[in-house]
Amino acid sequence: MKNFKSHFTFSKEQRNGIFLLILLIIILQCVYFFIDTSSEEVIVNQEEFVKFQNEIDSLKIVELEKRKPKAFPFNPNYITDFKGASLGMSNEEIDRLHAFRKQNKWINSAKEFQEVTKISDSLLNTISPYFKFPDWVTNPKQKTNSTIYYNNTPKTFAQKEDLNTATAKQLQKVNGVGEVLSKRIIKFRNKFVGGFIDDVQLQDIYGLTPETIEKITNQFTVKTPRIIQKVNINKAEIETLVDIQHIDYDLAYDIVEQRKLRDGFKSLDELLKVKGFPINKIEIIKLYLSLD
């Protein structure tokens, strides 16, 4: 016990030293907490600061411009639901456009686009600079007075020229069919070995309005139709139906399901009862089908 107690026994000089050390520590703590030792206020060159801030702001603007989605020219006839929504169109405006296109009609100007969709002037002014129509719409070639057109009087079948052998020059004699449209008709016809099956296939050619088709068929008709093997609608499987123009897998599946419910189709026009059937393409689709 004596040895243990000796560790806590100090001389007078030692006690004075300890007391002085404690006092010094307390003084230093007070100095640290209560005396402001910060340096003098930093002087900022306001002019240089403003220049620096402006440079930072300009860099931010450049970066924001880079991140903005870029708008590219597009044909408004092919606006999808997603594209229309991203442009700021309402569902009703998009539906009006799609209903118009289902009639096999085409929009050929910004003004016509507004008339069909009923969009506001402000939205039209925003998106119309990006409209891109075919060259034959924006830069139609002027026809010379020397061009001799067919009159619009319908000819008899015997008087009409064969649409499957007509040349581009002959087609251009139809008022409303220029160089571009005539070449487009020939190109479409040549996609099939043997050419057209029926006049109704003209509806599949982009740019041909119902009025222009009527003018063509007043002077031309398919006299030598392409020979095809028709598909029995009451026996064909999905894999066979999808090979027909305007029929995709979903539509083929619905046709087969409807056929089962009806215990077979009695008329090709019953296809109009199939969900999602392209009504405006019924006459073209019927070219490839039979009931037996």
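A nonpolar patch lies on the surface of this predicted model, and it is formed by Phe19, Leu20, Leu23, Ile27 and Val31, which together present about 480 Å² of accessible area. One of these residues, Ile27, is found in helix 2, the element that spans residues 12-34. The relative accessible area of Ile27 is 45%, and Ile27 is therefore classed as partly exposed, a category that falls between the buried limit of under 20% and the exposed limit of over 50%.

Charged side chains were examined next, and a search of the whole structure finds 7 salt bridges. Among them is the pair formed by Glu47 and Lys51, in which the closest N and O atoms are 4.0 Å apart. Both partners belong to helix 3, which covers residues 46-67, and a separation of 4 residues places Glu47 and Lys51 about one turn of the helix from each other. With a relative accessibility of 53%, Glu47 counts as exposed, whereas Lys51, with a relative accessible area of 47%, is partly exposed; the two residues fall on either side of the 50% limit and so receive separate labels.

A further salt bridge within a helix joins the side chains of Glu257 and Lys260, with an N to O distance of 3.7 Å. Here the partners are 3 residues apart in helix 13, which runs through residues 249-262, and this spacing again corresponds to about one turn of the helix. In this pair the lysine is the exposed partner, since Lys260 has a relative accessibility of 58%, while Glu257, at 29%, counts as partly exposed.

Arg262 takes part in a salt bridge with Glu270, and the closest N and O atoms of this pair lie 3.5 Å apart. The arginine is partly exposed, with a relative accessible area of 30%, but the glutamate is buried, because the value of 18% for Glu270 is under the 20% limit. Besides this pair, Asp269, Glu283 and Lys286 are joined into one network by salt bridges that share partners.

Taken by accessibility, the salt-bridge partners described above include residues of each class: Glu47 is exposed at 53%, Lys51 is partly exposed at 47%, and Glu270 is buried at 18%.

Key:
Residues numbered from 1 in each chain as written. Predicted model: local features only at pLDDT ≥ 70, side-chain atom pairs only at ≥ 80, totals over all residues. Heavy atoms only, no water. Helix = DSSP H or I, 4+ residues; strand = E, 2+ residues; numbered from the N terminus. Buried < 20%, exposed > 50% of the residue type's maximum accessible area, 1.4 Å probe, protein only. Patch = residues over 30% accessible without salt bridge, like charges linked within 9 Å, V, L, I, M, F, W, Y side chains within 5 Å. Areas by Shrake-Rupley, 256 points an atom, 1.4 Å probe, with all protein chains shown as cover.
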